[in-house]
Amino acid sequence: MHGYSVFSILRNGLSGQKHWPLAWRAPSPKSNYDVVIVGGGGHGLATAFYLAENHGIRNIAVIEKGYIGGGNVGRNTTIIRSNYLLDGHTQFFEFSLKLWEDLSRTLNYNVMFSQRGQLVAAHSPDQVDAFSHRANVMRLNGIDAEVLDRDEVRRMVPYFDYSETARFPIYGAHWQSRAGTARHDAVAWGYARAADAHGVDIIQNCEVTGFIRQGERIVGVETTRGQIGAGRVGLAVAGHTSMLGRKAGLELPIESHILQAFVTEPIKPIVHQVVAYGAGHCYVSQSDKGGLVFGGGLDGYNSYAQRGNLGTVRDVAEAAVALMPCISRLRILRHWGGVQDMTPDAAPIICPTPIDGLYLNGGWCYGGFKATPASGWCFAHTLATGSPHPLIAGYGLDRFRTGRTIDEFGAGPFAWLQ
Amino acid sequence: MLQIKCPCCGPRDHDEFLYAGDASVSRPAHNDADFERWYRYVFVRENPAGAHREYWQHVMGCRQWLIVERNTVNHTILSVNFSREALA
Amino acid sequence: MKRLNKLGRIDRSQPVAFTFDGKAMTGFRGDSLASAMLANGVKIAGRSFKYHRPRGIYSAGPEEPNALVTLGTGGRREPNLPATTVELADGLVAESQNRWPSLKFDLQSINSWFSPFLAAGFYYKTFMGPTRRSWMFYEHFIRKAAGLGRAGEQPDPDRYEVRHLFADVAVVGAGPAGLAAALAAAEAGANVVLVEQDFMAGGYLLSETQDGEAGAWLAGMLVRLAGMANVSLMTRTSAFGTYDGNVLGLLERHGSRSADPKQGEARQTLGLLRAKSIVYCTGSIERPLTFANNDRPGVMLASAARIYLNRYGVLVGKRVLVAADNDSAYSAAFDLAAAGAQVTIADSRTQPAPQLLEQARRAGVAVRTKSTIAKAIGGQSVRAVLLVEPSGRVTLESDLVAVSGGWSPTVHLTSHLGSKPVYRQDIRAFVPGKVGAGQFVAGAVTGSFILGTVIDEGHRAGNEAFMFCDATRSSRARVQRDPPKTDAGPGVVGDENPGLREESPLSPPPEDARLSMQVSDGVGGKMTLAKGKAFVDLQMDVTVSDIALAHQEGYRSVEHLKRYTTLGMGTDQGKTSNFYALSAMAGLRGMAIPDVGTTTFRPPFTPVAVGALAGLSHGQHYKPFRRTPIHDWHVSNDAEMLETGLWMRPWFYHASGHDVNEAYVAEMRNAREAAGLMDISTLGKIAVQGPDAAEFLDRVYVNGFAKLPVGRARYGVMLRDDGIVFDDGTTTRVGDQHFFMTTSTARAADVMSRLEFLLDTAWPDLRVSVSSVSDEWAAMSVAGPKSRDILAAAFPDLDVSNDALPHMGLLEGRYRDKPLRIIRLSFSGERAYEIYTGASVGKEAWCRLMEAGTPFGLKPYGLEALGALRVEKGHVAGPEIDGRTTLDDLGLRRMAGKRSGFVGEVLGRREAFSDPERPRLVGLRCVEDGKRLRGGAILFRPSEPVQGHGLGRITSTTYSPTLDAWVGLGLLASSAAQEGAELIAHYPLKGEAVRARVVSPTFLDPKGEWFHG
């Protein structure tokens, strides 16, 4: 791999940028691979990278219907955190955060992981207690966490509404200093480039239309560019898992829902952390370019439309102004939607499937971006060894039958409420 | 805004309604003890990209539960019926 | 640059004073900020995002990439406004952005010197070391350098409103097509809303002189439309997005005469326009040309130069070079020449139409054919241009370069719902694809650039839109009417108007988009005509070479191109740059433009203030809180109110103690020793009525209700379908076929909907009706040993003796002519009664109880004491019923007994629910003096390492004055839950480790003697 460094920048700067090579090749599909990963998003590309890097498997294809990184890895609000309460989530997301901390250097691609911290405001004594519980669990699992009081919150984020008329007064906040944001596209591109350097074939504009079977076993995929044989097939197409799962004959507890995101015009730095409202659906961070990036709740009905509804836009705007009155005059530049695989407990499904040769990585709900490195790592392990990595042992498909769901919000088996 | 033509109240914005998911799954009888049927009813979802039968309740209107057929790709609403009538 | 004494739609009798960068300036009413700045000689209007190059005003509309200003001060500070879209108002304060110390001299323009190293995406390749936290260091400086304007830090003092609008036909854009469409639809009988983003209707027609025929047609149309009651013309209103159900998002700007709204006036109004049909007449936007230094102040779109002249009476340059590859720029050239400028056209085409050349000759405009602009020369503004012609290079002095690279239809709104624009090779532009039902397009947005055609299309679309909504209005057949003829139509604007000839399109596109690639700096080794940066996206500082680099590195999909180079991601959303970028990428990939495709158009079309989207829902109007009927009493009796799920409830009463901790213990003690009064009006209350009501309850609750006698109450628990506990509450049989159900405050709405769901979808055969009566009843609970005495004193007519009203009994009566229900049940463990009466007399009943009870020591208590009392009694509530716990977890399985057929029964027996490691409800008692228990502490065995998730947690705690000990409820792995076992409760946040003993969760009165008898 042609190394990226300040020296290569200088060298290329002086020679008119003419010597930068392709970040990844554009190969034609071979007839057979050891592993075929369906889905060239963050998770699929990361899986390919770790299969090569950790397990020495290099005869891999990542097959992408459109362009790589075109799904949720390029549509999310880029927040990375590991402030989970429940056993199963806590360790997995912390492992992911640790991988993030080294990711730019692992990939030789600056994914701009910025650990500027995440603050979630608490608006009642009960909420302070709930956040304290969470922080205690995090600390006992070796994760940094604090609960701030009102004055500490005020010092950190002076632009919240501390006035007498604030609709939801601020009692304190949950704070994770190692949380932050990353440049989402760079994650897909960085994994793609690093996987490509290991010999992984990244095949764009190639849609999987079916699965090739030998008896009960899946031994390859049918694509718009012909049949491709595979020792093992991994699905990493969150948002559209049901559609491919159906082609393979999988019955899944997944619904597709829209989550919107918003960005304002670029302004000089004002929001220095990731901040979230505790009394409504709204979280905000400021990108390095200067735009405030907002997220909110689901649109609330099944959809594959990749676009959202004005009602949700307004909900988020209301919450944003309630939290930060000074942003009222800032202007929303763009809003867009991503299709989420929602599961009945808002936890992912990443496991071998009942179908021999087929492995599933999906159901990421709205939490997939921060999970990308750990998901790739653990899914690669699962594909390489045939059995789940211990960190994802709780994310199996059978948990809905057994009752071992990991329901962080306790919202129950209603995907649209999770 | 999705506009749902409530058979009782006329066309209204969807934010007056409560969504309750897939209406194509069939609920086992209340005294059905079959685990598999309950499991499938509660968890397994077809999740089609296209026409989808789904429950909506007009909570800010007549409070009737409706079955709406809606395209999940372009959000076109194909039909709206009282669930009592649609299921009858 | 000068303001002419003639031309324009400005009112020269009304001067308007404003400031730009602190300098006092004057414009006229009818000016935009940009036109007034130009008239005042402002050349540099801003600095670019990355290289901080000086930039002038480039356009005359929302596509403006350069002239972004900050308006207002203090809480009214608003960054990043294109000066071209700001209507000049008296007292307006504008400030330039992204420069320090001044616009003329910006230190950060040093970035230009480093530009060889700052190519697209350079930051992905460096800033990764030496340590893994290094990025945070670099990022600090990068963030400071990025961003455009600075936001205000004070709350916005202005008001925003939301308006719901309805129309048969919504027409977007009041240019020639839109005016024609609106008139056609309105004459046919439709209610029409015509939306125009500008403060003046007319669209393209405003770039024509006012006294020409176009001006006359416009004036005539406006008079006609104004005379129609069924047409509403909304200027200053941007249609920013198309949403499902043919809803247009509108942003209406007010305050046209002063910079800030007056007291009580809204600054902006968000409009939700629900239209049966929509006609998009959104026009088109002129495309720039790329050449070296094409960003210098003094380079401007040709159409903009014409607008500044004809609409605002500002002659932007005296020695003008018009660089074009199409006919449309000739109109600008002729008008500028007529106004006294010396104009040369550099036309890159070989053979412009002879009649154009003839017109140019007559107008005194020199035309140079096969002449391509290679470079703009000049530092802070253009001094000259370098042209490349077959005979060699030519340098021409010039102070204005008016460029035109053809036109891009404004397809944005037509594709917000997912319709993909389609490429038309003949005009080399994307036009709307198949739009949705009830949507129509007309005019330049469809690629029609001949005025007569545009007006015709408008007529036709207006009529079609009317027919569509008429058909949806009623199914009866309607006589189809011919489109009404208006005076407007082809030929009205005669062919003596050089820009609008019937036979020559208004804007032929570039002959080959790739051609213009070749006149820029060194793309892919092609011709280099001149050194210097050639910008594609002026605002984001994306150059032609950046596009080449993206291609070279494999970022070739248009989305990759956009994301890698940041092209089109500025505040203008690439309105002038997107087409060039994708045609360039098509050229580099050797593909046809339609095969490269476009990026997705996302709303809003132009940016919308967050505050406008929030509308009136801010401050106390955001999620308005709910008050109980007794609210005022609590407030006037010095209760500390706390919000729980939108309800304002007393947390504690200040009379009880200095702070919550002191107060709740006092309130608890008083309830245990005398009596306490609690407002419980927030409980959900549901009337369940009908012959099958008992059967219904038998199915929704885990425990049975069929055998509950009339006049008796029962505690009930319901599950979700997946077997997790959903809610609990008490249901009282007030009649054979009539039950009065209460739910928790938090779940009131959910339970109600669920019951209705079951009746409507699952068991329609059950003859049951459910009605929410939550708001009809006020409710209060009097609890404590003296409660009966108090009740007797308050309601002397009622027999409240133990025989007449035993535990779990109901007594009905009337109070102040309203129904009264007294249900004897206990949440606190004391003898207690819940008193329900009409909401309108609730406060009065409360006062009566207080009055009657004071001699017995009755005092009110708040939520904190309520929570503490129930913990002492071992009753579960929200912290335990958390959406993850089962009947077994909460020790409630015995309620179901051997019953079957209730909701959640089958999945409630899933295998994990009987796992011995699964946490179950326990009581915990602190066994260390001077220490306390806290909710959210994690439980470990004393010998275990303190890490991981432990064996369970404490969910709720209280100090128990009765036991003089800290007690709590917890969820603890069954294997560790033997009574008497000692555990350590760890609370790392405070560094606490407290010994606690597992005990029965019923801390007090295990036999229930206090509330019986």
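**Reading the interface of chains C and A**

Modeller: Start with area. In this predicted model, chain C and chain A bury about 9900 Å² between them, and 55% of it is on carbon and sulfur atoms.

Biologist: Which residues of chain C lose the most area to chain A?

Modeller: Look at C:Tyr124, C:Arg143 and C:His949. Together they make up 8% of what that side buries.

Biologist: How many residues are in contact?

Modeller: Count each side on its own. Chain C has 120 residues in contact with 115 residues of chain A.

Biologist: How do I read the salt bridges between chain C and chain A?

Modeller: Look for a side-chain nitrogen of Lys or Arg within 4 Å of a carboxyl oxygen of Asp or Glu. Between chain C and chain A the count is eleven. Take C:Asp915 and A:Arg404 as a case. Their closest N and O atoms are 3.1 Å apart, so the pair fits that cut-off.

Biologist: And how many residue pairs are in polar contact?

Modeller: There are 72 between the two chains, counting pairs with both residues at pLDDT 80 or more. On chain C's side, helix 2 (residues 134–145) gives the most, with seven residues. By class, that side has 57 nonpolar, 31 polar and 32 charged residues.

Biologist: Which strands are joined by bridges across the two chains?

Modeller: Find strand 16 (residues 331–342) of chain A and strand 31 (residues 608–609) of chain C. Two bridges join them, and they run antiparallel.

Biologist: Which residue of strand 31 does A:Arg331 stand opposite?

Modeller: C:Ala609 stands opposite A:Arg331.

Conventions:
Residues numbered from 1 in each chain as written. Chains lettered and ligands numbered in written order. Predicted model: local features only at pLDDT ≥ 70, side-chain atom pairs only at ≥ 80, totals over all residues. Heavy atoms only, no water. Contact = heavy atoms within 4.5 Å. Buried area = accessible area lost by both parts, 1.4 Å probe. Polar contact = N/O pair within 3.5 Å; in protein donor to acceptor, adjacent residues only side chain to side chain. Helix = DSSP H or I, 4+ residues; strand = E, 2+ residues; numbered from the N terminus. Nonpolar A, V, L, I, M, F, W, Y, C, P; charged D, E, K, R; others polar. Pairing = 2+ DSSP bridges.
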